[in-house]
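Work through the exercises below with the sequence and the model at hand. Try each task before reading its solution.

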Amino acid sequence: MKKIFLFLGLFFSILFITGCGKYGEKDVVKDFDKKVNKLKSYQIEGKLEIVNNDDVYNYDVVVSYKQKDYYKVSLKNIANNHEQIILKNKDGVYVLTPSLNKSFKFQSDWPYSNSQIYLLESLRDDIKNDDKREFVANKNNYQFTTKVNYPNNRKLTSQKIILDKELKPEVVKVLNEEKVPQMTMTFKSIDYSPTFKDNFFNLDVAMNSSKIEESTVPTTKLEEAIYPLVTPTGTKLVSEEKIEMTNGQRVIMTFEGEKPFLLVEETANIEDELTIVPTYGDIYRLMDTLGVMTDNSLTWTSAGIEYYLVSDVMGREELVEIAQSINVLPTMK
């Protein structure tokens, strides 16, 4: 009888040890994948911080998702209440600027073309697809360090994703080559079963429901041209032309040299009716705004001014470097 009890005790001890193994990296990846895959909708609220040289931009972020391929991402600049929206529905991908009643329509595979710091599907894919990811299990959370895919900004090389014990994202930090955070998304709340009206992801509804008063409003006059602080070596400003328009002004600056380019600045106008601009390019986040990136041009609106930067010889990263050096305050040539 003693041998029987001893055998049963040993059997259950082995069963306990093998059945209660440590919850490790593979389990977290598998369960997070399963959790995201079964979602029919979700809504996220959080804060996004973006660092650009010495400047820091802060945004309130609201992400709404409905199966399949319906997204609405609201990005509101905390400093001036300027809001832009990325909208994806059955008709395409849009970047909306409600204050101007204007939208760019993209022929794009967003959000699948690169990493997205505020989308659950993107975080899941970045974790799953990185065989060299790093994993740390702490008392209160799980941390992954993975590579990222930002093809228009090669300086962004990795990210740290922190999930709580229920596998909800807490913080995501996108880092540069020196491991310095350049973007930080702090998740305040996640609703896994929100209810959206049938027309919630409609373009007109998204535009009209998001029109707000801003501290930065369009202007009809350019007091002075705004010059880039960075230009390629051997390239300089050779001409500048100011044109009076019906509802504002336009300045055309021509830079010539080893790497010539054209910079156009124009006062932004509020459209009387919703204006949709068909666009062939990619959505690009530039400082305090969302812009349009093509292989040889960059278009964006900031502080009531529309900018268009184009060059036949410069690449995307070179265009971004020039664009990021254009200060909102007039500078010397």
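**Exercise 1. Describe the second largest pocket: its volume, its lining and the classes of its residues.**

Step 1. The volume comes first. The second largest pocket of this predicted model holds about 250 Å³ of space. A pocket is found on a 1 Å grid over the protein atoms alone, as an open set of points with protein on both sides within 12 Å along at least five of seven lines. Grid points are joined across faces, edges and corners, and a volume is the space filled by probe spheres set on the points.

Step 2. Now the lining, meaning residues with an atom within 4 Å of a point. It counts 17 residues, and S115, S122, D125, D126 and N129 are those nearest the centre. Helix α3 (residues 120-128) gives the largest share, four residues. Helices (H or I, at least four residues) and strands (E, at least two) are DSSP runs, numbered from the N terminus.

Step 3. Sort by class. Five lining residues are nonpolar, seven polar and five charged. Here Ala, Val, Leu, Ile, Met, Phe, Trp, Tyr, Cys and Pro count as nonpolar, Asp, Glu, Lys and Arg as charged, and the others, Gly among them, as polar.

A note on conventions: residues are numbered from 1 along each chain as its sequence is written, and side-chain values use heavy atoms, without hydrogens and water. In this predicted model, local features need pLDDT of at least 70 and side-chain atom pairs count only at pLDDT 80 or more, while totals for chains, interfaces and linings use all residues.

**Exercise 2. Find the salt bridge partner of D125, then examine other pairs.**

Step 1. Apply the rule: a side-chain nitrogen of Lys or Arg within 4 Å of a carboxyl oxygen of Asp or Glu. Side chains of opposite charge can pair when their charged atoms come close. The structure holds 10 salt bridges.

Step 2. D125 pairs with R124, with the closest N and O atoms 3.0 Å apart. D125 is partly exposed at 27% relative accessibility. R124 is buried at 13%. The cut-offs are under 20% relative accessible area for buried, over 50% for exposed, and partly exposed in between (1.4 Å probe, protein chains only).

Step 3. K90 pairs with D91, at 3.5 Å between the closest N and O atoms. K90 is exposed, at 68%. D91 is partly exposed, at 44%.

Step 4. D295 and R316 come to 2.9 Å at their closest N and O atoms. This pair links distant parts of the chain, 21 residues apart: D295 sits in the loop between β17 (289-293) and β18 (297-302), R316 in helix α5 (residues 316-324). D295 is exposed, at 59%. D282 joins D295 and R316 in a network of salt bridges.

**Exercise 3. Which residues line the largest cavity?**

Step 1. A cavity is a set of grid points where a 1.4 Å probe fits but cannot get out. One cavity of 30 Å³ or more is counted. The largest holds about 30 Å³.

Step 2. Its lining is Y59, L75, N77, H82, Q84, R285, D288 and T289. Two of these are nonpolar, four polar and two charged.

**Exercise 4. Locate the nonpolar cores.**

Step 1. A core joins buried Ala, Val, Leu, Ile, Met, Phe, Trp, Tyr and Cys residues through side-chain atoms within 4.5 Å. In soluble globular proteins, nonpolar side chains tend to be buried together.

Step 2. The largest core has 70 residues, and Y42, L48, V61, V73, I117 and Y118 have the most contacts inside it. Strand β2 (residues 55-66) supplies the largest share, five residues.

Step 3. Take Y42. Beyond its neighbours within four places in sequence, the contacts of Y42 (heavy atoms within 4.5 Å) include V63, Y71, L119, D191 and F196.

Step 4. A second, separate core has nine residues, among them L96, L203, A206 and M207.

**Exercise 5. Summarise the chain.**

Step 1. Count the elements: five helices and 19 strands.

Step 2. Check burial: 45% of the 333 residues count as buried.

Step 3. Check contacts. Of those with a separation of 6 or more, 53% join residues 24 or more positions apart.
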